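User: I should like to learn how to read several features of a structural model. Could you take me through them in turn?

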Amino acid sequence: MPIGYWVDPSIDKLFQDKAHLFLIVLNYRWERGRVEAEYIAQLLKKYGIGPDDKILDLGCGNGRIAIHLALKGYRVTGLDYSKLFIEDAVKKSRQYNVYDRVEFIHGDAYRLDKIFSRERFKVVLIYWTTLIGYSLDPDKDLELLEKIYKIVEKGGYLMILNHASIENLNYRALEEGVSYYVDLGEYAFLDKASYDPARSILHVTWRFYRKRGNDLEFIDEISYDLKVYSMHEIVEMGEKAGWRLKDMYCSVKTLEPYKPGRCSLNIVFTR
Ligand SMILES: C[S@@+](CC[C@H](N)C(=O)[O-])C[C@H]1O[C@@H](n2cnc3c(N)ncnc32)[C@H](O)[C@@H]1O
C-alpha cells in the first residue's frame with residue numbers, strides 16, 4: 001500500500017515527489033516556527049498541559065513546531081509521511097540538542113491507529129492547514145478525526161490550529177486571478193489560486209524561482225487541490241467523531257474568540 005494513499009495525488013506531488021521544494025518553504029519558516037511554538041505553548045498552558053504530557057504533532061513537516069516546543073521543555077512526537085522532512089527533523093533535533101525530548105516517526109496519519117496501537121497522547125496538534133481537506137473527501141476527514149480520538153487519553157485535546165477556511169479566503173484575489181509573490185530568501189514563489197464553490201476546493205499553483213541578482217530563474221511548478229471547510233463544518237465533523245468542542249479562536253497569537261471574517265480556524269476539542 002503506498003504511503004499517503006488517502007490524500008489527493010496532487011498533495012502527494014507537493015509533499016512526496018517535489019518535497020525538496022516544500023522543504024525550502026519549511027526551512028524559510030523555521031525561525032517563525034520558534035515564535036509560533038511560543039504561542040502554542042501559551043495555549044498548552046491555558047489547558048494545564050505541562051512538560052510531562054505527551055504531545056503528538058501530526059503532519060509535523062521538518063519539526064518546525066515540534067523542535068521548538070521541545071526546546072521549551074515539552075515532550076513531542078512528530079509524525080509525517082514525507083521521508084525527506086522526517087530526515088531533516090531528526091538531523092535538526094540533534095543540532096538543537098533536543099533528541100531526548102522529541103521523536104520523529106515516518107508514517108501515514110491515516111494509519112495512526114496501527115502506528116500507536118498502545119500509546120496515548122494528551123494532545124494531538126494539527127498545525128498550519130495540515131491533513132484536513134487533503135483527501136478532498138469529508139468521509140475520510142471524519143475517519144481521520146475518529147482515529148485521532150482513539151489515541152488521545154480521556155480529558156485530552158485535539159488542537160487544529162492555523163487552518164485555512166472558507167471564511168478567510170481572499171475572494172478578491174481569487175476573482176481577479178492575482179498571483180502573490182512569496183519571498184523565501186534565496187528563492188521565491190508565485191502563488192495563484194482558483195476556487196470551485198460547488199465542491200469548496202481550492203486549486204493552487206506555486207511557481208518556484210531561484211533569485212539570480214535582480215532576476216528570477218524559474219525552477220519548477222507545483223499544483224495541488226485542497227478542500228476548504230468553514231468553522232461549523234469542522235466542528236460538526238469533530239463532534240460526529242466523538243469530540244467535544246472546547247474553544248474557537250481567531251488567532252493562536254492573541255487567543256481572541258473566533259469570528260467569521262479574517263480569522264483562520266483555530267479549534268480546540270476535548271474528549
Ligand atoms: C502544510 S505542511 C505543515 C507542516 C507542519 N505542521 C508545520 O507547521 O510546519 C503539511 C504536512 O503534512 C504532511 N502530510 C500530508 N499528508 C500526510 C499523511 N497522510 N500522513 C502524515 N503526514 C502527512 C506533509 O508531509 C507536510 O509536512
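Analyst: Let us begin with a helix, bearing in mind that this is a predicted model. Helix α1, residues 9-17, has Ile-11, Asp-12, Leu-14 and Phe-15 as its buried residues. Because these residues cover an arc of only 165° around the axis, they lie on the same side of α1.

User: Which exposed residues does the face of α1 turned away from its buried side carry?

Analyst: That face carries Pro-9 and Asp-17.

User: What covers the buried residues of α1?

Analyst: The cover includes α2 (19-28) and β9 (215-227).

User: How should I read the surroundings of the ligand, and which residues come nearest?

Analyst: One may ask about proximity, then about elements, then about residue class. There are 23 residues around the ligand, and those that come nearest are Phe-15, Gly-59, Gly-61, Ala-109 and Trp-128. Phe-15 is thus named here as well as among the buried residues of α1. At least two residues of the shell come from α4 (64-71), and at least two from β2 (75-80). By class, the shell consists of 14 nonpolar, 6 polar and 3 charged residues.

User: How is the chain divided into domains?

Analyst: Domain 1 comprises 9-164 + 230-270, and domain 2 comprises 171-226. Their C-alpha centres are 24 Å apart.

User: How many residues of each domain are in contact with the other?

Analyst: A general remark comes first. The size of an interface is often expressed as the accessible area lost when the parts come together. Here the description is by contacts: 12 residues of domain 1 are in contact with 11 residues of domain 2. On the side of domain 1 that touches domain 2, α1 and α2 each supply at least two residues. The residues of that side divide into 8 nonpolar, 2 polar and 2 charged.

User: What should I look for in the backbone angles?

Analyst: Most residues other than glycine have a negative phi. Leu-131, which is not a glycine, has a positive phi near 65°. Leu-136 likewise has a positive value, of about 65°. Leu-131 is found in the loop between β4 (121-127) and α7 (138-150), and Leu-136 is also in the loop between β4 and α7.

User: Is Leu-131 buried or exposed, and how many other C-beta atoms lie within 10 Å of Leu-136?

Analyst: Burial requires 20 or more other C-beta atoms within 10 Å. Leu-131 has 22 and is therefore buried. Leu-136 has 18, so this residue is partly exposed.

How values were computed
Residues numbered from 1 in each chain as written. Predicted model: local features only at pLDDT ≥ 70, side-chain atom pairs only at ≥ 80, totals over all residues. Buried ≥ 20, exposed ≤ 12 C-beta atoms within 10 Å, placed from the backbone. Helix = DSSP H or I, 4+ residues; strand = E, 2+ residues; numbered from the N terminus. Arc of directions from axis to C-beta. Contact = placed C-beta atoms within 7 Å. Near = placed C-beta within 6 Å. Nonpolar A, V, L, I, M, F, W, Y, C, P; charged D, E, K, R; others polar. Domains from an automatic or database assignment.
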